[in-house]
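Colleague: I have not read a model of this kind before. Could we go through it feature by feature?

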Amino acid sequence: MPALSLLRRLLPGLILAALPVFVHAHGEAVSIPSVAARDVPRALAVRGELGAPPRGVVELKFGELFRMPVGPLGLEPSDKLAALDGRRVRMVGYVVPLYPPAEDRFLLSPLAVDIGHEDESLADNIPPSAVMVRLPESAGATIPRIPGLVQLTGTLSVGSREDAASGRVSSVQLTLDAPVTRALRRLSREAARSAQTPPHRH
Amino acid sequence: MSFVSRSGRGLPLLTAAVLGLLAGDAFAARISRLTPPSELFASGEESPVIARFLPGQRFDLQMTIEPDPGRTIVSFDFIVDDQSTLRPFWVDGELIHDPRATLTSTITETGPAATCIAASGRTTGASGCTLVAGLAGNATVISRRAYSNSRAGVHTLRAIARQDDGTTITATGNFEIVGIDAESGQVAKNIVIFLGDGMGAAHRTAARIVSRGYAQGKAKGLLAMDTFPNTGMVMTASLNSIVTDSAPGMQNYVTGNKANNNEEGVWPDDTRDAFDNPRYEYLSEYLHNLQGKSLGVVTTADVFDATPASMAIHTSARGNGTGIVDQFFDDRDQSGLAVLLGGGRKWFLPNPSDSTSPQPVNGSQRRKSNDYVLGDDIVNGWGVARGALDPERDLIAEFRDAGFRYAADKSGLDAAFNAGTPDKLLGLFSYSNMNVAYDKIAGRRGDTAVVDAFGFPDQPMLDEMTDAALKVLSKNPNGFVALIEGASIDKQAHLMDTDRWTLEVIELDRAIAVAKRFAERNPDTLVLVTADHECSGAAIIGAATVSAATLEADPDAGKGVVGIYEAARFPKYTMAEDGYPETTHVDGKMLIGYGANADRYETWLPSRFPTRDTQQPFPPSQSPANPSVRNEGAGYLVTGQVPGDQAAHTATDIPLSAYGRGAHHFNGVFDNTDVFFKIGQIAVGGAD
């Protein structure tokens, strides 16, 4: 009997451990597929020094989003950010997939971090400079975890907006250009297909 | 110990026992938790007595009952030494006070049964449910708030619950009131507690070696804390582990009671609400109510962090930043809060959207999910604010409106005194934790790369914050209780960043020197220097046998350059006029090993940028993510003994040094909760 009860206790843990990436969000289990660094297409990957952005595109760094030093009543948008509202920009950062999983949005963060799940009471890990990235059309599959830095080009919107699906409010949004959207669609669909293939047993 | 009595209208005891066996232990009616915690309840042993209080110190009584299947609880009582704690109080036939109506609460699972009760009949503890997992589905949590007792000695607490079939369930525990010897000489009016978070004996020694130096076996000078006349050793265990974290590590000193890890000002309970746990009164609340003292909280951490919150906040989740900073403000009339200095501006900024992923444009971290609302029983019993889920609250404005002068940086802190010493002072010098002394001093010497990257180039040092706090607090003729925390000794020891935590200890010691001078001028002051626990198992293993240049040329040298015993000789650092070493990158530098270490790559060299703190808005991209990747490919791999990627706290006793009135009470080896009763004696009864 003790062995059986031990097995019962351990079984959920063993099942969880067998799944590749597994997170609880909003009380239910969700899985976000991952891609390998070698599968990240050239249009997204950051390998070595980046060249100048294409004509008409302005480089925007996370450190330029807010006035520095920080004001006594909190962060304030920088003049550069305000001036780039509606302009095309290139940003470099880390993809943070949303929970619940989304096919047309994700966060771009200056740090490689995860969104804490629903019940986590500790402070969220996402830096306030994270930008909400939108695809003009759905990728057709969950936006996956992508290792390392990515480069994204799109049109910037500045101003507080609430995301209807998640209820999250962002102060800066980036709507992606068509080529980078296509690259993300391909990557997301491939990641979803790979996630359905059972992993090899070792 | 609990049992079910079925005499009278109930089934015979034998039948009940048989039914109990058939149903399994899980369904035998019982009181599964009785609070205050006691060994009498847990094991039947009368000692040690776990819960102790000063005379009149308030605390909550609580029981969790798991009734028989299908039964409910229809009445209850908490009886201390054969006397009900729920007796109504009548004067001339008029009901003046009815504790049962105003001070009690009964909580059962009221969430949706489909998600909150499993097929087994046990609670699931899922999101949206009231109770934690694993209880009988009809479990009932009953509280009696804000009880107090003034009679010294060990008391018996008996909890009784009656089911709707007439059977009763009882349990017995105990607690002690520790008496105060009145008129035992002069009292200490001011209590200053320096808390070097994670500061064990090795951290103190390391700071002495670096800042004072040794010659032929003799220290060339002493740290300010070394000059304190009395030193004892403190046992630091928490309610649920030999290895504490910072919440119980601090609050045990200022409540006299043991908390679980992650919990402050409360005992554990069986509800999911992190703010409704059974409470006990803090030193600050006790001495504010009794003597009108003020409270000052000064830290280099985010002010919501476990140690500062453990001076006045009651919650079982140390991460609940919004509720914690709100409670600091809302219950300032209970704690006497007059000074709050540290980091953590992000909790004080309005967030009308309640979204933090990402945060609103001002960087606010406030959220409903970690805010608080209290029930009638707590509000009535403790006289505290009810609270509200209000992420939109502008807490800086509210502090200002309540008479606090607000400083956002060092210049602002100085300016706060331009028109005379303020009565109350709020300083929020960074977004989250403040930068460490190593980086702040580099900034003051002209290398502003780190403080600029964090967005806060003008942060005060802890001695400057201490000086400001003591000036404000000493305006109260009734005295004060102050916590002054060197928070990042612990944070940098976790990261095994030797150069940074060493300077943190030096920064703390400079603040201690400020308080010592204050105590010399104000002899009715008691100053304690201690730690909540040791962090990282730090040990001074020796010194480099090579020059700084050689270390730099061969960062993978590892143990090949560790000089032990006489090969360590006496490392020499040069102190600058600002009180900190000119550099820690010296020939023959002191070397530290870590007994509670995670994997790390060791180069023995200072790191240009601090290891990442994810709570910061602009953590510099140059910051290594953690010690397991810092110097990867360059340093020597030291394989860790603890899981994770940071060093851990240890259970090692830590030194406590005392100066001023009543300091002689702090010799020998004692428990961290003993410190509370020593302070109570010295502050209320006298120091002899």
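The turns below take up confidence, overall make-up, packing and one residue.

Modeller: Keep in mind from the start that this is a predicted model.

Colleague: What is the mean pLDDT of chain A, and what share of its residues reach 70 or more?

Modeller: The general idea is this: where pLDDT is low, the predicted coordinates should not be read in detail. In chain A the mean pLDDT is 78, and 74% of the residues reach 70 or more. Among the elements of chain A, strand S3 (residues 58-59) has the highest mean pLDDT, 96, while strand S1 (residues 23-25) has the lowest, 37. Over residues 1-29 of chain A the pLDDT is below 50, and this stretch has 26 contacts in the model beyond near neighbours in sequence. Residues 117-123 of chain A also have pLDDT below 50, with 21 contacts beyond near neighbours in sequence.

Colleague: How many helices and strands does chain A have, and in what order do its elements run?

Modeller: Chain A has 3 helices and 8 strands. Read from the N terminus, the order is α-β-β-β-α-β-β-β-β-β-α.

Colleague: How many helices and strands does chain B have?

Modeller: Chain B has 20 helices and 31 strands. Its radius of gyration is 27 Å, close to the 26 Å that the globule rule gives for 688 residues, so chain B is as compact as a globular protein of that length. Along the principal axes, the C-alpha atoms of chain B fill a box of roughly 85 × 55 × 50 Å.

Colleague: What percentage of the residues is buried in each chain?

Modeller: A residue counts as buried if 20 or more other C-beta atoms lie within 10 Å of its own. Buried residues make up 57% of the 688 residues in chain B and 32% of the 202 residues in chain A.

Colleague: What share of the contacts joins residues 24 or more positions apart?

Modeller: Take the contacts with a separation of 6 or more. Residues 24 or more positions apart account for 71% of these in chain B and for 68% in chain A.

Colleague: Let us try one residue. Where is B:Ala188, and is it buried or exposed?

Modeller: B:Ala188 is in the loop between strand S12 (168-177) and strand S13 (190-196) of chain B. B:Ala188 counts as buried because it has 25 C-beta neighbours inside 10 Å.

Colleague: Which residues is B:Ala188 in contact with, leaving aside its neighbours within four places in sequence?

Modeller: Among them are B:Asp524, B:Thr525, B:Leu526, B:Gly660 and B:Ala687. As for B:Pro655, 467 residues away along the chain, its C-alpha atom is separated from that of B:Ala188 by 22 Å.

Conventions. Residues numbered from 1 in each chain as written. Chains lettered and ligands numbered in written order. Predicted model: local features only at pLDDT ≥ 70, side-chain atom pairs only at ≥ 80, totals over all residues. Helix = DSSP H or I, 4+ residues; strand = E, 2+ residues; numbered from the N terminus. Rg over C-alpha atoms; globule rule 2.2 N^0.38 Å. Buried ≥ 20, exposed ≤ 12 C-beta atoms within 10 Å, placed from the backbone. Contact = placed C-beta atoms within 7 Å. pLDDT = per-residue confidence, 0-100.
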